[in-house]
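I am opening a fresh page for a structure I have not met before. My plan is to look up charged pairs, then one helix, then a residue in a loop.

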Amino acid sequence: MLNVGISLPDSLESLVKSETDPALRLAMISCLKALLRGEKMSGGMRLHFDVFDSFSVKLIDVSEKNGSLSSCLDRLAGLGEKIAERSQKLWSALAYPVCL
């Protein structure tokens with residue numbers, strides 16, 4: 001969304017409205033509130049270690065400082081998709097012998 005000119009707060013607000021996971025929704029609301037107070041998004045992320053790992057928070061913090069937040073968010077999203085895909089493949093591979 002950031003790549004098409006939608007602001008970060010507007011993007012987060014849109015995502016909050018469509019999110020069904022309560023923990024993730026609460027974390028996104030914290031990030032949105034931090035942004036609206038003029039703080040960094042990483043500050044809101046730090047409050048939700050159950051949702052955001054320290055690597056992601058630190059990466060976002062650095063990208064906020066050097067102005068590359070949009071590309072960082074894109075990369076993190078891609079990484080998350082790859083991890084989910086590989087996790088699914090692993091569980092499928094582990095389940096196969098059990099089914100036999």
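**Entry 1: a pair in one helix.** I began with Glu-13, which comes out as partly exposed at 38% relative accessibility; I keep in mind that the model is predicted. Its partner is Lys-17, and the two side chains meet in a salt bridge with 4.0 Å from N to O. I looked up Lys-17 as well and found it exposed, with a relative accessible area of 65%. Both residues belong to helix H1, which runs over residues 8-18, and because they are 4 residues apart there, about one helical turn separates them. I noted beside this that an α-helix has 3.6 residues a turn, so residues three or four places apart point the same way.

**Entry 2: salt bridges elsewhere.** How many salt bridges does a search of the whole structure find? The search gives 6, and I followed up those around Asp-61. The side chain of Asp-61 meets that of Arg-46 in a salt bridge of 3.6 Å, N to O. Asp-61 sits in helix H4 (residues 54-66) and Arg-46 in helix H3 (residues 41-46), so this pair ties together parts that lie 15 residues apart in sequence. Is Asp-61 buried or exposed? I found that Asp-61 counts as buried, at 10% relative accessibility, whereas Arg-46 is partly exposed, with a relative accessible area of 45%.

Asp-61 also forms a salt bridge with Lys-65, and here the closest N and O atoms are 3.4 Å apart. This second pair stays within helix H4, where Lys-65 and Asp-61 are 4 residues apart, about one turn of the helix. Lys-65 itself is exposed, its relative accessible area being 60%. When I looked for a wider pattern, I found Lys-40, Arg-46, Asp-61 and Lys-65 linked in a network of salt bridges.

**Entry 3: the two sides of H1.** I went back to the helix of my opening pair and asked which residues of H1 are buried. They are Leu-8, Ser-11, Leu-12 and Val-16. These residues cover an arc of only 135° around the axis, which means that they are on the same side of H1. On the other side of H1, I found Lys-17 and Ser-18 exposed, and Lys-17 is the residue that I had already met in the salt bridge with Glu-13.

**Entry 4: Asp-10.** Asp-10 also has its place in helix H1, and at 45% relative accessibility I recorded it as partly exposed. A polar contact of 3.1 Å joins its side chain to that of Ser-7. I then compared sequence with space for Asp-10 and Leu-32, which are 22 residues apart along the chain, while their C-alpha atoms are 8.8 Å apart.

**Entry 5: His-48.** My last search took me to the loop between H3 and H4, where His-48 has its place. Although it is a loop residue, His-48 is buried, with a relative accessible area of 10%. Which residues does His-48 touch, not counting residues up to four places away in sequence? I wrote down Leu-26, Ala-27 and Ser-30.

Technical notes:
Residues are numbered from 1 along each chain as its sequence is written. This is a predicted model: local features need pLDDT of at least 70, side-chain atom pairs count only at pLDDT 80 or more; totals for chains, interfaces and linings use all residues. Side-chain values use heavy atoms; hydrogens and water are left out. Helices (H or I, at least four residues) and strands (E, at least two) are DSSP runs, numbered from the N terminus. Buried means under 20% relative accessible area, exposed over 50%, partly exposed in between (1.4 Å probe, protein chains only). The arc is that of the directions from the helix axis to the C-beta atoms. A polar contact is a pair of N or O atoms within 3.5 Å; within protein, one must be able to donate a hydrogen and the other to accept it, and residues adjacent in sequence count only if both atoms are side-chain atoms. Contact means heavy atoms within 4.5 Å.
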